[in-house]
Amino acid sequence: GAATGVPIPEKREALGNQFEASLRSFVRLAKAWGSRPVLMTQVLVHPDGKGGFAGMIAPEQLARGDFDAASFASIQDYANAIIRQVALSEEALLIDLATARTWRHREDVYDGLHFTALGARRVADIVAGALAADMAKTGNR
């Protein structure tokens with residue numbers, strides 16, 4: 001169907017429910033096998049600095065999912081909120097990349113979503129620090 005600006009409520013809710021169920025399944029399976037599950041939010045940097053995406057994703061690609069550029073960030077925020085909630089309720093380690101630092105377009109991410117070499121090194125430092133702190137807290141090595 002045509003892009004509506006925001007995914008239709010039923011579709012957004014269905015996507016959220018499927019995503020949440022998948023995350024919970026992953027966390028519970030990891031725990032069942034004796035592993036410490038780790039969930040991580042995703043970074044989204046607005047290339048134009050104004051909250052828009054300046055052609056970052058082709059309009060026809062967005063329309064296939066009933067999104068437009070204005071709604072893309074809201075669905076990203078929605079997914080990150082689900083990740084945070086599942087990590088809390090399932091007692092999984094959360095690495096909240098989205099809020100860990102101020103990410104910069106072109107310096108940290110080259111297209112708003114995908115990390116540059118420098119951005120990837122920064123992610124690695126954040127992940128390593130979170131894992132080390134968690135291992136020290138839980139006594140795992």
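**Figure 1. The whole protein has 5 helices and 2 strands.** Helices here are DSSP runs of H or I with at least four residues, strands are runs of E with at least two, and both are numbered from the N terminus. This is a predicted model, in which local features need pLDDT of at least 70 and side-chain atom pairs count only at pLDDT 80 or more, while totals for chains, interfaces and linings use all residues. Residues are numbered from 1 along each chain as its sequence is written, and side-chain values use heavy atoms, with hydrogens and water left out. Walk along the sequence and you meet the pattern α-β-α-α-β-α-α. Of the 141 residues in the protein, 31% are buried. "Buried" means under 20% relative accessible area, "exposed" means over 50%, and "partly exposed" is in between (1.4 Å probe, protein chains only). The accessible surface comes to about 8,400 Å², and 57% of that belongs to carbon and sulfur atoms. Those areas come from the Shrake-Rupley method with a 1.4 Å probe, and for residues only the protein chains shown count as cover. Now look at contacts, meaning heavy atoms within 4.5 Å. Among contacts with a separation of 6 or more, 65% are between residues 24 or more positions apart.

**Figure 2. A close-up of the largest nonpolar core, which has 8 residues.** A nonpolar core is a set of buried Ala, Val, Leu, Ile, Met, Phe, Trp, Tyr and Cys residues joined through side-chain atoms within 4.5 Å. Pick out Leu23, Val27, Leu39, Ile82, Ile83, Val86, Ala87 and Ala92. Two helices, α1 (9–32) and α3 (69–89), each give two or more residues to this core. The most comes from α3, with 4 residues. Zoom in on Ile82: leaving out residues up to four places away in sequence, Ile82 touches Gly16, Phe19, Glu20 and Leu23. There's also a second, separate core of 7 residues, and Val43, Val45, Leu97 and Val109 are among them. In soluble globular proteins, nonpolar side chains tend to be buried together.

**Figure 3. Two residues to find on helices α1 and α3: Ala21 sits in α1, and Asn80 sits in α3.** Ala21 counts as partly exposed because its relative accessibility is 42%. Try tracing from Ala21 to Val86: they are 65 residues apart in sequence and 9.3 Å apart in space, C-alpha to C-alpha. Asn80 counts as buried, because its relative accessibility is 4%. Not counting residues up to four places away in sequence, Asn80 touches Thr41, Gln42 and Ala98.

**Figure 4. Helix α5 (residues 117–138), seen with its neighbours.** This helix has 22 residues and reaches 31 Å from its first C-alpha to its last, close to the 32 Å expected at 1.5 Å a residue. The expected span is 1.5 Å times one less than the number of residues. Which residues of α5 are buried? They are Gly119, Val123 and Asp134. Seen down the axis of α5, these buried residues fall within an arc of 35 degrees, so they line one face of the helix. That arc is taken from the directions from the helix axis to the C-beta atoms. The buried residues of α5 pack against β2 (93–95) and α4 (97–100). On the other side of α5, you'll find Ala117, Arg121, Asp125 and Ala136 exposed. Just after the helix, Gly139 takes a positive phi of about 80 degrees.

**Figure 5. Asp108, in the loop between α4 and α5.** Asp108 is buried, because its relative accessible area is 0%. Which side chain makes a polar contact with the side chain of Asp108? It's that of Arg101, at 2.7 Å. A polar contact is a pair of N or O atoms within 3.5 Å; within protein, one must be able to donate a hydrogen and the other to accept it, and residues adjacent in sequence count only if both atoms are side-chain atoms. Leaving aside neighbours within four places in sequence, Asp108 is in contact with Arg101, Thr102, Trp103, His114, Phe115, Thr116, Gly119 and Arg122.

**Figure 6. Two loop residues, Glu91 and Arg106.** Glu91 is in the loop between α3 and β2, and its phi is near 55 degrees, a positive value in a residue other than glycine. With a relative accessible area of 61%, Glu91 is exposed. Arg106 is in the loop between α4 and α5. The phi of Arg106 is near 75 degrees, which is also positive in a residue other than glycine. Arg106 counts as exposed, because its relative accessibility is 64%.
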